[in-house]
Amino acid sequence: MGKNCINRQILAAIRRIPYGTVSAYGEIAALAGVPGRARLVARILSESEDDGLPWHRVLRSSGQIAFAPGSAQFDEQVRRLQSEGVAVKQGRVKRDRKPLDLDAFLWAPD
DNA sequence: GCGCTGACGCGAT
DNA sequence: CATCGCGCCAGCG
């Protein structure tokens with residue numbers, strides 16, 4: 001029973017990823033209440049029949065597309081991401097980083 | 001039960 | 001960057 005419940009939580013989390021943005025397997029797992037279960041998210045995605053599910057917005061924590069470069073699935077994911085304005089280079093989506101902000105924070109005066 | 005396989009992640013080297 | 005090792009765990013021989 002609980003198993004199916006978690007499954008639904010994961011699918012719900014994926015459906016909440018905003019158009020034109022991306023998330024990661026591990027992030028989805030955490031949002032679904034099962035941190036550390038990235039592989040479960042991947043498995044559920046691979047078996048989901050839901051057509052409207054924005055599976056293409058889920059990437060590795062590195063921003064890399066999980067499929068093998070050149071595979072049909074890889075190409076399809078790139079196509080879908082680009083169609084919603086997400087920049088994909090070398091099979092990867094650059095995630096918003098703010099290294100300068102972190103630097104400023106660490107060096108900020110008391 | 002045992003080993004292997006993943007649409008994974010993270011810290012260490 | 002690239003590699004390793006280890007953690008995680010639902011299926012399928």
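**Two DNA strands, two cores and an aromatic pair**

F67 counts as partly exposed because its relative accessibility is 26%, where partly exposed lies between buried (under 20% relative accessible area) and exposed (over 50%), with a 1.4 Å probe and protein chains only. The model is predicted, so local features need pLDDT of at least 70 and side-chain atom pairs count only at pLDDT 80 or more, while totals for chains, interfaces and linings use all residues. Residues are numbered from 1 along each chain as its sequence is written, chains are lettered from A and ligands numbered from 1 in the order in which they are written, and side-chain values use heavy atoms, leaving out hydrogens and water.

F67 also takes part in an aromatic pair, a term for rings of Phe, Tyr and Trp (its six-membered ring) with centres within 6.5 Å; planes under 30 degrees apart are stacked, over 60 edge-to-face and the rest tilted. The count comes to one such pair. W55 and F67 form it edge-to-face, at 6.4 Å centre to centre and with 80 degrees between the planes. The pair links distant parts of the chain, twelve residues apart: W55 sits in the loop between α3 (38–47) and β2 (58–59), and F67 in the loop between β2 and α4. Helices here are DSSP runs of H or I with at least four residues, strands are runs of E with at least two, and both are numbered from the N terminus.

Turning to the interior, a nonpolar core is a set of buried Ala, Val, Leu, Ile, Met, Phe, Trp, Tyr and Cys residues joined through side-chain atoms within 4.5 Å. The largest one has 15 residues, of which I10, I14, I28, V41, L45 and V58 touch the most other members. Helices α1 (2–15), α2 (25–31) and α3 each supply at least two residues of this core, and the largest share, four residues, comes from α1. Leaving aside residues up to four places away in sequence, V58 touches I14, I17, S23, A24, Y25, L45 and Q77, contact meaning heavy atoms within 4.5 Å. A second, separate core of eight residues includes L59, I65, F74 and V88.

Next come the DNA strands, for which a residue is near if one of its heavy atoms lies within 4 Å. DNA strand B is surrounded by 13 residues, and Y25, G26, R39, R60 and S61 are the closest. Of the atoms of this strand within 4 Å of the protein, sugar and phosphate account for 43%. Polar contacts are pairs of N or O atoms within 3.5 Å; within protein, one must be able to donate a hydrogen and the other to accept it, and residues adjacent in sequence count only if both atoms are side-chain atoms. An N or O atom in the side chain of Y25 is 2.8 Å from a base nitrogen of DNA strand B. The backbone of G26 places an N or O atom 3.1 Å from a phosphate oxygen of DNA strand B, and an N or O atom in the side chain of R60 is 2.7 Å from a phosphate oxygen of that strand. Helix α3 gives the largest share of this surface, five residues.

Around DNA strand C are K3, R37, R39, R43 and R92. Sugar or phosphate makes up 83% of the atoms of DNA strand C within 4 Å of the protein, and bases the rest. Polar side-chain atoms lie 3.1 Å from a phosphate oxygen of DNA strand C for K3 and 3.2 Å from one for R37.
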